[in-house]
Every structure is written in structure tokens, then in C-alpha cells.
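Reader: I'm new to this and would like a close look at one part of this protein, the place where two helices pack together. Could you walk me through that spot and then show me how it sits in the rest of the chain?

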Amino acid sequence: MQTESTQVQIRRATPADAEAIARMVRQAWADRVAPDSSGHQETVERVQADLERGYAWVALDRGEVVGTVRLVRHPDPRERGVWEVRKLGVLPEYRKQGVAHRLMEAVARQAFEVRARELRLAVRHDQPKLLKWYTQFGFSYEPSLRYSTPNPNTPPPFVMVRKLEVLS
């Protein structure tokens, strides 16, 4: 078990990480998120599809993936400059050590690099406490928005938005 996040390394994920990412997401969701969550059915193919449309990062401890997050271009071409933060997860024994914060910082850096004008993310209907957690990264709940890829087996998620200043 890890005690200090400084020993956990964050790096950009590659397609070779897809299997480890999918497994880690399923592990992070186990006993933590309702059984109908799509995270329980995370697949290598879904990870690879997100990597083709964006970026992912892994948090590593001694070469093992202990956390991950993705930044994916919005699937609707009319939503130019909108990117989605997806599948942020950290294994239970690494939580509350700053790993998720460091992953979100990597997302923010990349969002500025790609000149994103807006970031969006979805919070499950049964996890409203996460709404407050994401506000520390500049996100706010936007009730008028619908998530681009909602889970058809659950009530719609809360959609959060972070507007970014694009510097020319």
C-alpha cells in the first residue's frame, strides 16, 4: 500500500495501457459505485476508442496502474472546442493522497494545449457529493446540458462544465 502520492508517477497513457486501464476502472468502481454503472463494464475497446479521440493518463506505482482519467473530444462536431473528462478513478488504497488531483491537473494542462473552450463531465445521479468535489477544479453544475453518452440503464447524470479562456 502506498502512503505518499509523490511516489506515484503520472504519465500520458498509450494504447498499450488500455487493458490495464480497463481493469483498473472496474476495480476502482467495485463496491463503490452502483452495479448499473458503465464503469463496471469497462472494456479495452472503449478505452482504445477514447484514446483515438483524445487522451488518457495513468497514475503508476511500481509500474502498476492505480489511477486514470481521460480527456476526449465531444462526439458532436457542432460542439467545437468542447472536451469531456471521463472515467476518473483511483484504487481505494490510493485515495485521499492527491492522485486524483494530479490526474485532473494533467487534464487541465492538456485542455489548454488543445485550446479547448469548455470541459464537461458527468456525475452519476446517485453521487451528488462529487458535484462539490469537482468545483475545486472550476466545474459547475449546468442543468440545461445533457451528457453526450448517457448510460441508458440509469437516470441521466448531472453535467458539469468548466469554461476555459482560450488565449490566441
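**Where two helices cross**

Author: Let's start with the crossing itself: α1 and α2 cross in a right-handed way. Keep in mind that this is a predicted model. Now for the residues that touch. On the α1 side, the contact is made by A18, E19, I21 and A22, and on the α2 side by V44, V47 and Q48. Sorted by class, that contact of α1 with α2 has five nonpolar residues, one polar and one charged.

How do you put a packing like this into numbers? Two packed helices are described by the angle between their axes and the distance between those axes. Here, helix α1 covers residues 18-29 and helix α2 covers residues 44-53. Their angle is about 115°, and the axes lie 8 Å apart.

Okay, let's zoom out and see what surrounds that pair. The chain has four helices and seven strands. Reading from the N terminus, the order is β-α-α-β-β-β-α-β-α-β-β, so you can find our two helices as the α-α right after the opening β, because helices and strands are numbered from the N terminus.

Next, the overall build. The C-alpha trace spans about 40 × 40 × 30 Å along its principal axes. A compact globule of 168 residues would have a radius of gyration near 15 Å, and this chain has 15 Å, so the two agree. Of the 168 residues, 46% are buried. The accessible surface is about 9,400 Å², and carbon and sulfur atoms account for 50% of that. Contacts tell you something about the fold too: taking those with a separation of 6 or more, 66% are between residues 24 or more positions apart.

Want a single residue that shows such contacts? Try V123, in strand β5. V123 counts as buried because its relative accessible area is 1%, and the cut-off for buried is under 20%. Setting aside neighbours within four places in sequence, V123 touches L130, L131, Y134, P157, F158 and M160. Y141 sits 18 residues from V123 in sequence, and their C-alpha atoms are 9.4 Å apart.

A little further on comes D126, in the loop between β5 (118-123) and α4 (129-135). D126 has a relative accessible area of 36%, so it is partly exposed. Its C-alpha atom is 8.9 Å from that of P155, with the two positions 29 residues apart along the chain.

Two last residues are worth a look for their backbone. R62 has a positive phi of about 50° although it is not a glycine. You'll find R62 in the loop between β2 (54-61) and β3 (64-73), and it is exposed, with 67% relative accessible area. K87 also has a positive phi, about 50°, and it isn't a glycine either. K87, though, lies in a strand, β4 (residues 82-90), and with 23% relative accessibility it counts as partly exposed.

So if you go back to the picture, begin with A18, E19, I21 and A22 of α1 facing V44, V47 and Q48 of α2 in that contact, then follow the chain along to R62, K87, V123 and D126.

Note on methods:
Residues numbered from 1 in each chain as written. Predicted model: local features only at pLDDT ≥ 70, side-chain atom pairs only at ≥ 80, totals over all residues. Heavy atoms only, no water. Axes fitted to C-alpha atoms, helices over the stretch in contact; angles between N-to-C directions. Left-handed = near helix turned anticlockwise from the far one by under 90°. Contact = heavy atoms within 4.5 Å. Nonpolar A, V, L, I, M, F, W, Y, C, P; charged D, E, K, R; others polar. Rg over C-alpha atoms; globule rule 2.2 N^0.38 Å. Buried < 20%, exposed > 50% of the residue type's maximum accessible area, 1.4 Å probe, protein only. Areas by Shrake-Rupley, 256 points an atom, 1.4 Å probe, with all protein chains shown as cover.
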